[in-house]
Amino acid sequence: MHTTRSLLTHLFNRLVQEPAIWEALQADRGLIAPFIEESLRRDSPVQRTTRRCMRDTEMAGVAMRKGDLVEAGIGSANHDETVYDEPEAFRLDRPDLRWHIAFGTGSHICPGAALARLEARIAIEVLLDRLVRMETVEGAVYPPLPGSLGHDPILARFVPREHAA
Ligand code: HEM
């Protein structure tokens, strides 16, 4: 799934660029779940979704007519400053870490959420098990998050356990 690929790329990108997070996860694997949830919130792989209005209605003072296409900003909602303290910050200590809508909400909420979370956890555990650390590569370009990074290579130098100094 391109969505899971984006999540994995976002997680990997952060671990490569933010050694403090890598070290925190190495010290406490209990932080893997918060790391995944904060990535889903801060760097939501699905940034928006579309609905068609079934009847004339109004939301937050905006009139919508039956048949209108409405874009719902998932990424924007996950950065709502009335909900999140410092929404742009990437933090592992947020209360209610799963209080995001990266998997949608309501009757069409993503049925693959548990699988995506599991795949992300396994990927991170394998990296933590096998590597001492990952390093950025000089000259490589690391695009800003969030973004559709699933299609771009994220260059990293692996320092495996058996070769560590
Ligand atoms: C990080 C990974 C994923 C993210 C961020 C994600 C996100 C979403 C979102 C936001 C929706 C709701 C769209 C809407 O309401 O318009 C959705 C729906 C859906 N997702 Fe995922 N998804 C992910 C992984 C997966 C996986 C692994 C599967 C299947 C194995 C899956 C299957 C589906 C299906 C079938 C729907 C449609 C549900 C419906 O319309 O009732 N997703 N996903």
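Here is a quick tour of this protein, from its overall layout down to its metal site, one helix and its salt bridges. Keep in mind that the model is predicted. The protein has five helices and six strands, and along the sequence they run α-α-α-β-β-β-β-α-α-β-β. Two spots to look at early are Cys110, the only protein donor to the ligand's iron atom, and helix H3, which is largely enclosed by the rest of the structure.

**Overall build**
- Measuring along the principal axes, the C-alpha atoms fill a box of roughly 65 × 30 × 30 Å.
- Of the 165 residues in the protein, 34% are buried.
- Take the contacts with a separation of 6 or more: 67% of them come from residues 24 or more positions apart.
- The accessible surface adds up to about 10,200 Å², and carbon and sulfur atoms own 56% of that.
- On the charge side, there are 20 positive and 24 negative charges, and their mean positions sit 6 Å apart.

**The iron site**
- The SG atom of Cys110 is at 2.3 Å from the iron atom of the ligand, and the protein offers no other donor.
- Cys110 belongs to a loop, the one between helix H4 (74-77) and helix H5 (113-130).

**Helix H3 and what covers it**
- Helix H3 spans residues 32-42, and 10 of its 11 residues are buried, so the helix is largely enclosed by the rest of the structure.
- The buried set is Ile32, Pro34, Phe35, Ile36, Glu37, Glu38, Ser39, Leu40, Arg41 and Arg42, so you'll find charged residues such as Glu37 and Arg42 in there alongside Ile32 and Leu40.
- The cover over these residues includes helix H1 (2-17), helix H2 (19-27) and H5.
- Ser39 is a good residue to click on: with 1% relative accessibility, it counts as buried because the cut-off is under 20%.
- Leaving out residues up to four places away in sequence, Ser39 touches Leu7, His10, Leu11, Ser44 and Phe90.

**Salt bridges**
- As background, side chains of opposite charge can pair when their charged atoms come close.
- The structure holds 13 salt bridges, and the ones below are among them.
- Arg117 and Glu37 meet through their side chains at 2.6 Å, N to O. Arg117 is in helix H5 and Glu37 in helix H3, so this pair ties together parts that are 80 residues apart in sequence.
- Both partners of that pair are buried: Arg117 has a relative accessible area of 17%, and Glu37 comes in at 6%.
- Arg91 and Asp85 form another bridge, with an N to O distance of 4.0 Å. Asp85 is exposed, at 54% relative accessible area.
- Arg133 and Glu135 pair up at 2.9 Å, N to O. Arg133 is partly exposed at 39%, and Glu135 is partly exposed too, at 26%.
- Arg14, Glu18, Arg42 and Asp43 are joined in a network of salt bridges, and Arg42 is also one of the buried residues of H3.

Technical notes. Residues numbered from 1 in each chain as written. Predicted model: local features only at pLDDT ≥ 70, side-chain atom pairs only at ≥ 80, totals over all residues. Heavy atoms only, no water. Helix = DSSP H or I, 4+ residues; strand = E, 2+ residues; numbered from the N terminus. Buried < 20%, exposed > 50% of the residue type's maximum accessible area, 1.4 Å probe, protein only. Contact = heavy atoms within 4.5 Å. Areas by Shrake-Rupley, 256 points an atom, 1.4 Å probe, with all protein chains shown as cover. Lys, Arg positive; Asp, Glu negative; His and termini not counted. Charge placed at Lys NZ, Arg CZ, Asp CG, Glu CD. Donors = N, O, S within 2.8 Å, 3.2 Å for Na, K, Ca; no water.
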